[in-house]
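Please open the structure in a viewer and keep the selection tool at hand. The stops below proceed from one selection to the next.

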Amino acid sequence: MTPLIAASASSTFGLVVVAGLLVAGYFLACAAYPFGKCRKCEGLGRHHSPGRAHWRNCKRCGGSGARVRIGRRVYMRLRGRERAGR
């Protein structure tokens with residue numbers, strides 16, 4: 001095996017390991033903190049009306065200011081399939 005191929009294989013393996021650790025860390029963070037701030041109202045749960053005279057509840061989050069993170073959605077979908085026996 002040439003040194004170039006050996007170096008390439010070991011660096012690729014290292015990148016795969018690092019990527020796997022990052023993904024695992026993200027899913028652990030989603031398990032611990034399943035909600036993030038709503039992007040439309042920035043977590044306030046409300047925004048000004050078009051005339052800026054009154055506050056209105058955010059339509060996207062329903063006034064809660066929170067949204068379910070993507071990793072948590074994936075986790076719940078996989079968990080639901082596991083429980084269904086698929």
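**The nonpolar patch**

Begin by selecting Val23, Tyr26, Phe27, Ile70, Val74, Tyr75, Met76 and Leu78, which form a nonpolar patch of about 710 Å² on the surface. The model under inspection is a predicted one. Two elements, helix H1 (3–32) and H2, each give two or more residues to this nonpolar patch. H2 supplies the largest share, with five residues. Within the selection, centre on Ile70, a residue of helix H2. Its relative accessibility is 53%, so Ile70 counts as exposed, the cut-off for that class being over 50%.

**The overall fold**

Now display the whole chain as a cartoon. The protein contains two helices and four strands. Following the sequence, the elements appear in the order α-β-β-β-β-α. Colour the 86 residues of the protein by accessibility: 14% of them count as buried.

**The positive patch**

Next, select Arg39, Lys40, Arg56, Lys59, Arg60 and Arg73, which together make a patch of positive charge on the surface. One of these residues, Arg73, belongs to helix H2, which spans residues 70–84. Arg73 counts as exposed because its relative accessibility is 52%. Helix H2 can thus be visited twice on this tour, since Ile70 also lies in it.

**The cysteines**

Which class, buried or exposed, does Cys30 fall into? Select Cys30: with a relative accessible area of 1%, this residue is buried, as the limit for that class is under 20%. Move on to Cys38, which is buried as well, because its relative accessible area is 2%. How many disulfides does a search of the whole structure find? The search returns zero. For Cys38, the nearest cysteine sulfur is that of Cys41, at 3.7 Å, and Cys38 takes part in no disulfide. The reason lies in the cut-off, because a disulfide requires two cysteine sulfur atoms within 2.5 Å. In general terms, a disulfide is a covalent bond between the sulfur atoms of two cysteines.

**The loop between S1 and S2**

Select Glu42, placed in the loop that connects strand S1 (35–37) and strand S2 (46–48). What is notable about phi of Glu42? The angle is near 60°, a positive value in a residue other than glycine. Glu42 has a relative accessibility of 60% and therefore counts as exposed.

**Two pairs to span with the distance tool**

Select Lys37, a residue of strand S1. Its relative accessibility of 56% is why Lys37 counts as exposed. Draw a line from the C-alpha of Lys37 to that of Ser64: the two residues are 27 positions apart in sequence, and the spatial separation is 9.3 Å.

For the last stop, select Asn57 in strand S3, which covers residues 55–57. Asn57 counts as exposed because its relative accessibility is 57%. Add His47 to the selection: ten residues separate Asn57 and His47 in sequence, while 6.4 Å separates them in space, C-alpha to C-alpha.

Terms used: Residues are numbered from 1 along each chain as its sequence is written. This is a predicted model: local features need pLDDT of at least 70, side-chain atom pairs count only at pLDDT 80 or more; totals for chains, interfaces and linings use all residues. Side-chain values use heavy atoms; hydrogens and water are left out. Buried means under 20% relative accessible area, exposed over 50%, partly exposed in between (1.4 Å probe, protein chains only). Patches are made of residues with over 30% relative accessible area and no salt bridge: like charges are joined within 9 Å, nonpolar side chains (Val, Leu, Ile, Met, Phe, Trp, Tyr) within 5 Å. Accessible areas come from the Shrake-Rupley method with a 1.4 Å probe; for residues, only the protein chains shown count as cover. A salt bridge is a side-chain nitrogen of Lys or Arg within 4 Å of a carboxyl oxygen of Asp or Glu. Lys and Arg count as positive and Asp and Glu as negative; His and the chain ends are not counted. The place of a charge is taken as NZ of Lys, CZ of Arg, CG of Asp or CD of Glu.
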